[in-house]
Amino acid sequence: MAIEAAPAFLDTTHLLNTFGLIGLLLIIFAETGLLVGFFLPGDSLLFTAGLVSAGGLAGVTLAPLWVLLVLLPLVAIAGNLVGYWIGHRAGPAVFSRPNSRLFKAEYVEQAHGFFQRYGARTVVLARFVPIVRTFATVMAGASRMDFRVFALYSVIGGIAWAGGITALGHWLGQVDVIREHIEAFAILIVVLSVVPVAIELLRARRTNRKA
């Protein structure tokens with residue numbers, strides 16, 4: 001039974017049932033490389049896709065687990081490479097944009113903070129932080145990060161994030177209590193994935209106030 005209170009773009013069962021495997025691949029690609037995809041629920045979609053591959057969602061069929069574990073990391077890596085190219089070609093114009101309903105300066109500041117704190121590892125770590133994973137990729141290109149280093153960390157991050165969360169969903173999908181409440185757990189993943197963003201924003205605001 002779907003959770004009707006959830007917005008359509010956060011209802012992962014609705015998204016997978018409507019758009020299927022192709023839609024899933026396009027969403028992961030957009031979130032990891034295109035600025036317009038920063039709001040998409042990549043974490044919960046990967047998790048739910050793993051649940052589906054374990055037979056945890058009646059009426060929805062995607063693909064066998066091994067197919068997901070090959071295709072999802074590939075599109076996540078491809079998205080990062082496209083995001084790098086966008087940043088490399090149009091970085092200054094992108095990051096100098098004023099605030100709008102979707103684009104906020106703090107998103108860029110947050111991604112920049114991750115690079116300052118973690119260096120090249122940001123390409124891997126940012127995979128697991130919504131919003132940051134989109135803007136950090138573009139920022140890497142805009143800052144002219146060495147492409148070979150970026151590509152290496154992008155491959156590592158793509159496999160760890162897309163493959164890891166999907167495999168986790170598949171494994172947990174074999175647990176009865178999770179399979180019986182799949183929608184609730186999918187929404188929980190969305191909530192948990194937003195926690196790091198909220199913490200970083202609070203830290204940034206406190207730092208700005210002290211400054």
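Where does R127 lie? R127 sits in the loop between α5 (122-125) and α6 (132-142); helices here are DSSP runs of H or I, at least four residues, numbered from the N terminus.

Two quick notes, everyone. This is a predicted model, where local features need pLDDT of at least 70, side-chain atom pairs count only at pLDDT 80 or more, and totals for chains, interfaces and linings use all residues. Residues are numbered from 1 along each chain as its sequence is written, and side-chain values use heavy atoms, leaving out hydrogens and water.

Back to our arginine. R127 is buried but has no salt bridge. Buried means under 20% relative accessible area, with a 1.4 Å probe and protein chains only; a salt bridge needs a side-chain nitrogen of Lys or Arg within 4 Å of a carboxyl oxygen of Asp or Glu. The nearest side chain of opposite charge, E31, is 8.4 Å away. What does the side chain of R127 reach at 3.1 Å? That would be the backbone oxygen of A76.

R127 is also in contact (heavy atoms within 4.5 Å) with W161. And W161 takes us to the largest nonpolar core, which has 26 residues. Such a core is a set of buried Ala, Val, Leu, Ile, Met, Phe, Trp, Tyr and Cys residues joined through side-chain atoms within 4.5 Å. W161 is among the residues with the most contacts inside this core, along with L24, I28, L46 and L72. Helix α1 (12-33) is one of the contributing elements, and α1 gives the largest share, 7 residues.

Apart from this core lies another, of 12 residues, including V123 and F150. Thanks for listening!

Note on methods. Buried means under 20% relative accessible area, exposed over 50%, partly exposed in between (1.4 Å probe, protein chains only). Helices (H or I, at least four residues) and strands (E, at least two) are DSSP runs, numbered from the N terminus. Lys and Arg count as positive and Asp and Glu as negative; His and the chain ends are not counted. A polar contact is a pair of N or O atoms within 3.5 Å; within protein, one must be able to donate a hydrogen and the other to accept it, and residues adjacent in sequence count only if both atoms are side-chain atoms. Lists of a residue's contacts leave out its neighbours within four places in sequence.
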